[in-house]
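Please look over the sequence and the model below before reading on. The briefing starts from one pair of residues in a sheet and then moves outward to the fold as a whole.

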Amino acid sequence: MDKRIYLCLAHMSGKEQAFIKEAFDTNWVVPLGPNVNAFEDELKHFVGQDKEVVALSAGTAAIHLGLIQLGVGAGDEVICQSFTFCASANPVAYQGATPVFIDSEEDTWNMDPVLLEEAIKDRIAKTGKKPKAILPVHLYGMPARIDEICAIAAKYDIPVLEDAAEALGSEFNGRKCGTFGTFGVLSFNGNKMITTSGGGALIVPDESTKKQTMFYATQAREPFPHYQHEKIGYNYRMSNICAGIGRGQMTVLDEHIAHHRHVHALYEKAFEDVDGITLKSNPDGRFNANYWLSTILIDPVKTGTTYDEVRRKLDERGIETRPLWKPMHLQPVYAHNPCYVNGVSERLFNMGLCIPAGPWVTDEDVAYIVEQIKGCCMK
């Protein structure tokens, strides 16, 4: 194949330029303005549940501001999912707190509720206090067992900061991911379901919390005629130009989600009878993943090859893939952090690949990708 097939390239609607031009024509080129307000309103309508949304410079910034407003500070512990990208855990360290890592369960690859409760009990026994927050992730757009996680959180009166950075449009029981916790996090990085080139958002419970979030995101300036600061603030607000890109992207969000699900369905049919290759799909009818990235597990015994050998061969044939996330409890930077593991995420890391699923991936591309994977894996 002459072209290279990428995992998830950004796809423009064609309307972004008009919103950006409006920002320049009206001189709204700062971290506030009509595009920011409109983008937040559109996101609010999309996620529902009477939530409010604050547009920010990154999903990482959204996690950080969520932690700040939950009172996480030095000496605290936050329960984090181990099987995820580092941006889910790093803001905990920003606050001088300690991430405590929880392994995954098999059905969703997300935070294991059984291990979660075991960890909470153990941390209380060992430290004399309960964790300050729980930070689950909807990995690759697959909803976590968020009902069970929230029930355990409520039992111990611990707030949930829900990382839905990869799960814009994913649903559990018909409800959008990111709306179950006290706070929810979205990302608009260049490879996500929609992009603002960078950027993210914090889903918050009400208007007063939205104002508080905006306060922290704009250097915590107090309402004085001079510059007065009584708390530490941050420069985390989204620019009006980036928000203009987001407004254009919102016009194709439903189309993007439908396309990712369509591509996944093609993979599902193609791999259904292939021994040794397992495609990750919704566990049951309560789960409705956006399939931000499609993911496969390659059994080295049944296929006679490893995920890394397949990755290298596909790369030579013009197909971008990526290993699954290396669990945080295996990362050198967090080598000494408390962790509660069952071997699931480590096994997934040693067997799995992300394969192309973005809006530029055609049916013909999928057929070619499947053909090449089968050629690599079938003895």
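Gln-81 has Ile-102 in β3 as its bridge partner, and this pair belongs to a set of five bridges that join strand β2 (residues 77–81) to β3 in the parallel sense. Strands here are DSSP runs of E with at least two residues, helices are runs of H or I with at least four residues, and both are numbered from the N terminus; two strands pair if DSSP finds at least two bridges between them. The model is predicted, so that local features need pLDDT of at least 70 and side-chain atom pairs count only at pLDDT 80 or more, while totals for chains, interfaces and linings use all residues. Residues are numbered from 1 along each chain as its sequence is written, and side-chain values use heavy atoms, with hydrogens and water left out.

**Strand β3 and its partners**

- Besides β2, strand β3 is joined to strand β14 (residues 339–340) by two bridges, and these two strands run parallel.
- Within that pairing, Phe-101 stands opposite Cys-339 in β14.
- Four of the five residues of β3 (residues 98–102) are buried, so this strand is largely enclosed by the rest of the structure; buried means under 20% relative accessible area, exposed means over 50%, and partly exposed lies in between, with a 1.4 Å probe and protein chains only.

**The three-stranded sheet**

- An open sheet of three strands has the order β7-β6-β11, and its pairing is antiparallel.
- Strands β7 (175–176) and β11 (287–288) stand at the edges with a single partner strand each, so one side of each is left without a neighbour in the sheet.
- Strand β6 (residues 171–172) pairs with β7 over two bridges in the antiparallel sense, and Glu-171 stands opposite Lys-176 in β7.
- Strands of a sheet pair through backbone hydrogen bonds, either parallel or antiparallel.

**Residues in loops**

- Glu-166 is found in the loop between β5 (161–163) and β6, and it counts as buried because its relative accessibility is 7%.
- Leaving aside residues up to four places away in sequence, Glu-166 touches His-138, Leu-139, Tyr-140, Gly-141, Lys-192, Asn-290, Trp-292 and Trp-325, where contact means heavy atoms within 4.5 Å.
- The C-alpha atoms of Glu-166 and Val-185 are separated by 9.3 Å, and the two residues are 19 residues apart along the chain.
- Tyr-291, in the loop between β11 and β12 (294–298), has a positive phi of about 50° although it is not a glycine, and it is buried with a relative accessible area of 8%.
- Ser-197, in the loop between β8 (183–187) and β9 (200–204), likewise is not a glycine and has a positive phi of about 80°, but at 49% relative accessibility it counts as partly exposed.

**Helices α2 and α7**

- Phe-39 is found in helix α2 (residues 34–47) and counts as buried at 0% relative accessibility.
- Phe-39 touches Ala-55, Phe-188, Ile-194, Thr-196, Met-238, Ala-243, Gly-246, Arg-247 and Met-250, not counting residues up to four places away in sequence.
- Of these partners, Arg-247 is 208 residues from Phe-39 in sequence, yet the two are 5.5 Å apart in space, C-alpha to C-alpha.
- In helix α7 (residues 207–217) the buried residues are Thr-209, Lys-210, Thr-213, Phe-215, Tyr-216 and Ala-217, and what covers them includes α2, β1 (52–56), α3 (59–69), β8 and β9.
- Helix α7 is followed by Gln-219, whose phi is positive, near 70°.

**The protein as a whole**

- The protein has 13 helices and 15 strands, and its C-alpha trace spans about 75 × 60 × 35 Å along the principal axes.
- The radius of gyration is 21 Å, which agrees with the value near 21 Å for a compact globule of 379 residues; the radius is taken over C-alpha atoms, and the globule rule is 2.2 Å times the number of residues to the power 0.38.
- Buried residues make up 57% of the 379 residues, and residues 24 or more positions apart account for 73% of the contacts with a separation of 6 or more.
- About 15600 Å² is exposed, of which carbon and sulfur atoms supply 52%, with areas from the Shrake-Rupley method and a 1.4 Å probe.
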